Amino acid sequence: MPSQQTKKKWVSWLPYIALPLILYFGNVELQTYLGKKALSQVDLPHLNFEEALIKAKAEDKQVLIDISAIWCPACRKLDTLVLAEESVQNAINKEFVFARIEYESDAGKSFMEKYQVNGFPTLLILDHQGKKIRKLPLTFSPEQFISLIQ
């Protein structure tokens, strides 16, 4: 049975263990909340990869893939400054089928491996068979984004 001295020593270390855990998990929750809030501003279809390929083939369009992480600050910035803009959404819908792939999903991890994606956000243009055509450079300017996809 632990002595009273051992119990006191353990209790004295508890704040040093608990505080970082509370801060870490609190930050994860905050970042997730902010990511969901930013994503709610994006009025583009929420198709998965397979659905996007089927729709792209039927409509004879290419697929614009946004691979993101809900907790990613740069992804939130892309969502709020670029993808939430009506002019950008119109340009995307005119030429592409849009799909967002969440990094932390099973599909996200396999997609990243297949297409050698190693950062967020990453925007790829694929043909309707899933063949990579090109990777878009990241921009937070709606006008520049539109010129990149035209």
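**Salt bridges and the sheet in a predicted model**

Glu-59 is partly exposed, with a relative accessible area of 35%. The structure that contains this residue is a predicted model, and Glu-59 offers a convenient point of entry because opposite charges on side chains can pair when the charged atoms come close. One partner of Glu-59 is Lys-55: the two form a salt bridge in which the closest N and O atoms are 3.9 Å apart. That distance qualifies because the criterion asks for a side-chain nitrogen of Lys or Arg within 4 Å of a carboxyl oxygen of Asp or Glu. Both residues belong to helix α2 (residues 49–59), where they are four residues apart, about one turn of the helix. Lys-55, like Glu-59, is partly exposed, its relative accessible area being 32%.

Glu-59 also meets the side chain of Lys-61 in a salt bridge, with an N to O distance of 3.4 Å. Lys-61 has a relative accessible area of 19%, and it therefore counts as buried, since the limit for that class is under 20%. In total, five salt bridges are found in the model.

Another of these pairs is formed by Arg-100 and Asp-79, whose side chains meet at 3.1 Å, N to O. Because Arg-100 lies in strand β2 (residues 96–102) and Asp-79 in helix α3 (residues 73–83), the pair ties together parts that are 21 residues apart in sequence. Both Arg-100 and Asp-79 are buried. The pair does not stand alone: through shared partners, salt bridges join Asp-66, Asp-79, Arg-100 and Glu-102 into one network.

Asp-66, a member of this network, is found in strand β1 (residues 62–68). Asp-66 is buried, with a relative accessible area of 0%. Which residues surround it? Beyond its neighbours within four places in sequence, Asp-66 is in contact with Leu-78, Asp-79, Leu-83, Phe-98, Ala-99, Arg-100, Ile-101, Pro-121, Thr-122 and Leu-123.

The strands named so far belong to a sheet. This is an open sheet of four strands, in the order β2-β1-β3-β4 and with mixed pairing. Strands β2 and β4 (132–136) stand at the edges with a single partner strand each, so one side of each is left without a neighbour in the sheet. From one strand to the next, the twist averages 25 degrees. Strands β1 and β2 pair in the parallel sense, over seven bridges, and Val-63 has Val-97 as its bridge partner in β2. Helix α3 packs on the sheet, where it touches β1, β2 and β3 (122–126), and its direction makes about 135 degrees with that of β1.

The view may now widen to the whole protein chain. Its secondary structure consists of six helices and four strands, which follow one another along the sequence in the pattern α-α-β-α-α-β-α-β-β-α. Along its principal axes, the C-alpha trace spans about 75 × 30 × 20 Å. The radius of gyration is 21 Å, whereas a compact globule of 150 residues would have a value near 15 Å.

Of the 150 residues, 39% count as buried. Among the contacts with a separation of 6 or more, 70% are made by residues 24 or more positions apart. The accessible surface of the protein chain comes to about 9500 Å², and carbon and sulfur atoms contribute 57% of that area.

Note on methods: Residues are numbered from 1 along each chain as its sequence is written. This is a predicted model: local features need pLDDT of at least 70, side-chain atom pairs count only at pLDDT 80 or more; totals for chains, interfaces and linings use all residues. Side-chain values use heavy atoms; hydrogens and water are left out. Helices (H or I, at least four residues) and strands (E, at least two) are DSSP runs, numbered from the N terminus. Buried means under 20% relative accessible area, exposed over 50%, partly exposed in between (1.4 Å probe, protein chains only). Contact means heavy atoms within 4.5 Å. Two strands pair if DSSP finds at least two bridges between them. Axes are lines fitted to C-alpha atoms, for helices over the stretch in contact, and angles run from 0 to 180 degrees between N-to-C directions. The radius of gyration is taken over C-alpha atoms; the globule rule is 2.2 Å times the number of residues to the power 0.38. Accessible areas come from the Shrake-Rupley method with a 1.4 Å probe; for residues, only the protein chains shown count as cover.
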